[in-house]
Amino acid sequence: MLAAPLVAAAASAATGGSLLTPPRARAEETRVLLVSSGGAADAGSAETFPSVTAALEALAARGDASAASIRLSPGVYFERVVVPASLAGDLVIEPVAGAAPGSVTLEHRTSSPYEATVENQMPGSAGAVTLRRVVVRHASPSVANNYAAFAQPGSALTLESCDVQSDTGSGVAAEGATLVLTDCAIHDCKTHGVAVYGDLLGEFGSGAIARCVVSRNGGDGVLLRQGARGEVVGNTITDNGGFSVELVDVREGTTVRDNVLGTGGKKPKPAVRFGGYGEEDVVNENNREV
């Protein structure tokens, strides 16, 4: 049986619908947990925590699947944020109301391999995770699986208005998962800006990237491969070391439309590069090359 977001993605592909439809809330009431980078903002409140990890542990122990919002006071949180597979319920991680843009940072720089700054392990059938208006910084000495933000197989991860950078790997990645990026800046990553891979069978996995700026990454701006389906719409993708958009063995329904795409300056290259199967099923239209 497929996880719920993957079922939805498959149905969307069959009907021609968009991958950008936001997850449906699973509860009318949302539990709010407050986090302060300087320690517990209110030691007398059971709903206030010194770290995102502590708040996630409290949610995992609650024994229900109600929706939750972890709200961060301005500051830099030096921690690795892993949403565990044991958690259930839609989750939003975002700044407190009124926080200035760019005032909340999640940063994880480590000598250990394979450690993303933000990683979603919760199955999509249990809930979806949204990261909103947060700066993400990352470094981990991995040969592979080297991402600042990562959606594990079967999960559902959305980033809204986030700023993401990795010293050692790709900015945002998904493997056999559902990934949605809107109004984000993905920049100055050592390898790809955004990488979306299908599952091992090349049948599931999707990425929707809309109204984002993807620039100055060492590899491709956006890479879709191994049976992934993608919607790349309304973005500015320029000044990347690889192709602006690379599509390798993508599924039917993949769309690249209404983007500004870089071609490599003095040594021009295709803005959209195709490889393997699926090119005949891709909608590639109304993109402006610069």
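1. A quick term before we look around: a residue counts as buried when its relative accessible area is under 20%, as exposed when that figure is over 50%, and as partly exposed in between. Phenylalanine 150 has a relative accessible area of 1%, so it is buried. Keep in mind as you read that this is a predicted model.

2. Who keeps Phe150 company? Its ring pairs with that of tyrosine 147: the centres are 4.9 Å apart and the planes sit at 45°, so the pair is tilted. Tyrosine 147 is buried too, with a relative accessible area of 6%. If you go hunting for aromatic pairs elsewhere, note that the count comes to one.

3. Now for the charged residues. Side chains of opposite charge can pair when their charged atoms come close. In this model there are 15 salt bridges, and a few of them are worth a look on screen.

4. Start with arginine 132, which forms a salt bridge with glutamate 94; their closest N and O atoms are 3.1 Å apart. Arginine 132 belongs to strand S9 (residues 129–132) and glutamate 94 to strand S6 (residues 91–95), so this bridge ties together parts that are 38 residues apart in sequence. As for accessibility, glutamate 94 is buried at 10%, while arginine 132 is partly exposed at 22%.

5. Arginine 132 has another partner: glutamate 160, with the closest N and O atoms 2.7 Å apart. This pair also links distant parts of the chain, since glutamate 160 lies in strand S12 (residues 156–160) and arginine 132 in strand S9, 28 residues apart. Glutamate 160 is partly exposed, with a relative accessible area of 22%.

6. Which residues make up the salt-bridge network around here? Arg71, Glu94, Arg132, Arg133 and Glu160 are linked in one. Try picking out those five side chains together in the viewer.

7. One further bridge to check is that of arginine 137 with aspartate 163, where the closest N and O atoms are 2.8 Å apart. Here strand S10 (residues 135–139) holds the arginine and strand S13 (residues 163–166) holds the aspartate, so the pair ties together parts that are 26 residues apart in sequence.

8. Is each partner in that last bridge buried or partly exposed? Arginine 137 has 18% relative accessibility and counts as buried, whereas aspartate 163, at 23%, counts as partly exposed. The two fall on either side of the 20% cut-off, so they get different labels.

Technical notes:
Residues are numbered from 1 along each chain as its sequence is written. This is a predicted model: local features need pLDDT of at least 70, side-chain atom pairs count only at pLDDT 80 or more; totals for chains, interfaces and linings use all residues. Side-chain values use heavy atoms; hydrogens and water are left out. Rings of Phe, Tyr and Trp (its six-membered ring) pair if their centres lie within 6.5 Å; planes under 30 degrees apart count as stacked, over 60 as edge-to-face and the rest as tilted. Buried means under 20% relative accessible area, exposed over 50%, partly exposed in between (1.4 Å probe, protein chains only). A salt bridge is a side-chain nitrogen of Lys or Arg within 4 Å of a carboxyl oxygen of Asp or Glu. Helices (H or I, at least four residues) and strands (E, at least two) are DSSP runs, numbered from the N terminus.
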